[in-house]
Amino acid sequence: MDVRGQVAVITGASSGIGAVTARHMAEAGMHLVLAARDRTRLESLARELELLGVRILVVETDVTRQVEVDRLTRSSLEYFGAIDVLFANAGRGILGSIATGDPELWAAGLDLNINGTLRFLRALVPHLMARKQGHVLLTGSIAGHTVGPNPVYNASKWALRAIAEGLRQETSLHGVRVTLLSPGIVDTDFWANQFGSQGQNNRPRDLGALAPEDVAAAALYALSQPARAGVNEILLRPG
Ligand SMILES: NC(=O)c1ccc[n+]([C@@H]2O[C@H](COP(=O)([O-])OP(=O)(O)OC[C@H]3O[C@@H](n4cnc5c(N)ncnc54)[C@H](OP(=O)(O)O)[C@@H]3O)[C@@H](O)[C@H]2O)c1
């Protein structure tokens with residue numbers, strides 16, 4: 001399938017996997033809505049990608065705030081008229097063991113990783129279903145297949161597997177495909193942002209990491225398959 005000319009809305013587009021996937025999509029000729037909280041970073045990425053000859057809309061969005069997701073939806077539809085691809089990618093690490101973790105931190109992390117994803121999907125999936133076409137990409141994680149020392153983060157990514165499968169069941173007869181991207185450790189700001197104080201986790205390259213380009217390539221692979229082929233999950237491990 002040729003993705004050229006399709007329109008994608010990407011959450012968490014200001015850095016890491018979201019920003020690099022935006023670049024790959026723009027190089028493939030896709031028009032984009034870039035959403036995240038950091039407007040400055042989004043605008044700088046937009047200026048770079050517009051040089052590739054595609055149309056870019058920046059919408060400053062905190063996906064934990066319904067009013068901002070509603071604005072993202074409205075702005076995207078007003079600007080482009082139709083949306084082809086949703087990339088639910090915004091997320092963060094959630095530190096702490098069950099015996100010692102901070103419930104407030106868990107609540108904020110779960111609200112972003114699970115509810116933020118659900119709010120975004122609830123807002124725009126009906127549009128894809130009504131058009132009888134489209135593709136939803138979600139950033140899960142290898143953490144959705146394992147359990148480690150930060151099990152609430154694992155729980156959030158296990159939840160994304162259920163959400164992706166539920167969405168597939170709801171939408172497959174409406175022409176919408178769903179792909180869960182489940183990478184292992186990826187060399188992005190994620191580690192410095194969330195686990196910076198935990199030294200051993202702050203060195204993804206030393207641990208043997210994927211590059212965000214690897215996840216972007218997997219996203220483009222899933223999008224470019226013929227309509228008859230649904231790539232439901234891509235599990236990517238370093239090495
Ligand atoms: N790095 C890894 O090893 C790894 C492995 C597997 C899965 N993942 C997943 O990959 C996804 C992207 O992470 P990354 O590695 O690319 O890390 P990153 O560079 O820290 O990117 C996280 C993105 O999420 C956005 N974000 C955070 N809170 C948000 C909010 N409330 N509303 C909207 N956007 C928000 C951030 O932008 P703003 O701060 O501008 O809002 C940023 O663009 C996450 O879902 C993460 O769980 C990462």
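**Group meeting talk: a walk around the sheet**

Okay, let's start with one pair: Ala8 stands opposite Val85 in strand 4. A strand here is a DSSP run of E with at least two residues, a helix is a run of H or I with at least four, and both are numbered from the N terminus.

Two housekeeping points before we go on. Residues are numbered from 1 along each chain as its sequence is written. And this is a predicted model, where local features need pLDDT of at least 70, side-chain atom pairs count only at pLDDT 80 or more, and totals for chains, interfaces and linings use all residues.

So, what order do the seven strands of the open sheet take? They go 3-2-1-4-5-6-7, with parallel pairing. The edges are strand 3 (56-60) and strand 7 (233-236); each has a single partner strand, so one side of each has no neighbour in the sheet. From one strand to the next, the twist averages 15°. In general, strands of a sheet pair through backbone hydrogen bonds, parallel or antiparallel. Here, two strands count as paired if DSSP finds at least two bridges between them.

Now let's look at strand 1, residues 7-11. Three bridges join strand 1 to strand 4, residues 85-88, and the two run parallel. On the other pairing, strand 1 and strand 2 are joined by five bridges, also running parallel. Val9 is a nice one to click on: its bridge partner in strand 4 is Leu86, and in strand 2 it is Val33.

Is strand 1 buried or exposed? Five of its five residues are buried, so strand 1 is largely enclosed by the rest of the structure. Buried means that 20 or more other C-beta atoms lie within 10 Å of the residue's own, exposed means 12 or fewer, and partly exposed is in between, with C-beta atoms placed from the backbone. Val7, Val9 and Thr11 point one way from strand 1, while Ala8 and Ile10 point the other way.

Strand 4 is covered on both faces too: Val85 and Phe87 are buried on one side, Leu86 and Ala88 on the other. Strand 4 then pairs with strand 5, residues 134-139, in the parallel sense over four bridges. In that pairing, Val85 stands opposite His135.

His135 brings us to Arg177, which sits in strand 6, residues 176-183. Setting aside neighbours within four places in sequence, Arg177 is in contact with His135 and Gly230; contact means C-beta atoms, placed from the backbone, within 7 Å. Arg177 counts as buried because 23 other C-beta atoms lie within 10 Å.

On to the packing. The largest nonpolar core has 60 residues, and Ile10, Ala22, Leu32, Leu34 and Val136 have the most contacts inside it. A nonpolar core, by the way, is a set of buried Ala, Val, Leu, Ile, Met, Phe, Trp, Tyr and Cys residues joined through C-beta atoms within 7 Å. Helix 4 gives the most to this core, with seven residues. Apart from it lies another core of six residues, including Ile94 and Tyr153. Which residues does Leu32 touch, beyond its neighbours within four places in sequence? Among them are Ala8, Ile10, Ala22 and Leu49.

Next, the ligand. There are 30 residues around it, and Gly12, Gly16, Arg37, Asp38 and Gly91 come nearest; a residue is near if its C-beta atom, placed from the backbone, lies within 6 Å. Helix 1 (16-27), helix 4 (103-131) and helix 6 (189-195) are the elements giving two or more residues to this shell. The shell divides into ten nonpolar, 15 polar and five charged residues. For that split, Ala, Val, Leu, Ile, Met, Phe, Trp, Tyr, Cys and Pro count as nonpolar, Asp, Glu, Lys and Arg as charged, and the others, Gly among them, as polar.

Last stop: two loop residues. Lys132 is in the loop between helix 4 and strand 5, and has a positive phi of about 60° although it is not a glycine. Lys132 is exposed, because it has 10 other C-beta atoms within 10 Å. Ile98 is in the loop between strand 4 and helix 4, and with 10 C-beta neighbours inside 10 Å, Ile98 counts as exposed.

That's my tour, thanks.

Conventions. Axes are lines fitted to C-alpha atoms, for helices over the stretch in contact, and angles run from 0 to 180 degrees between N-to-C directions. Two residues are in contact if their C-beta atoms, placed from the backbone, lie within 7 Å.
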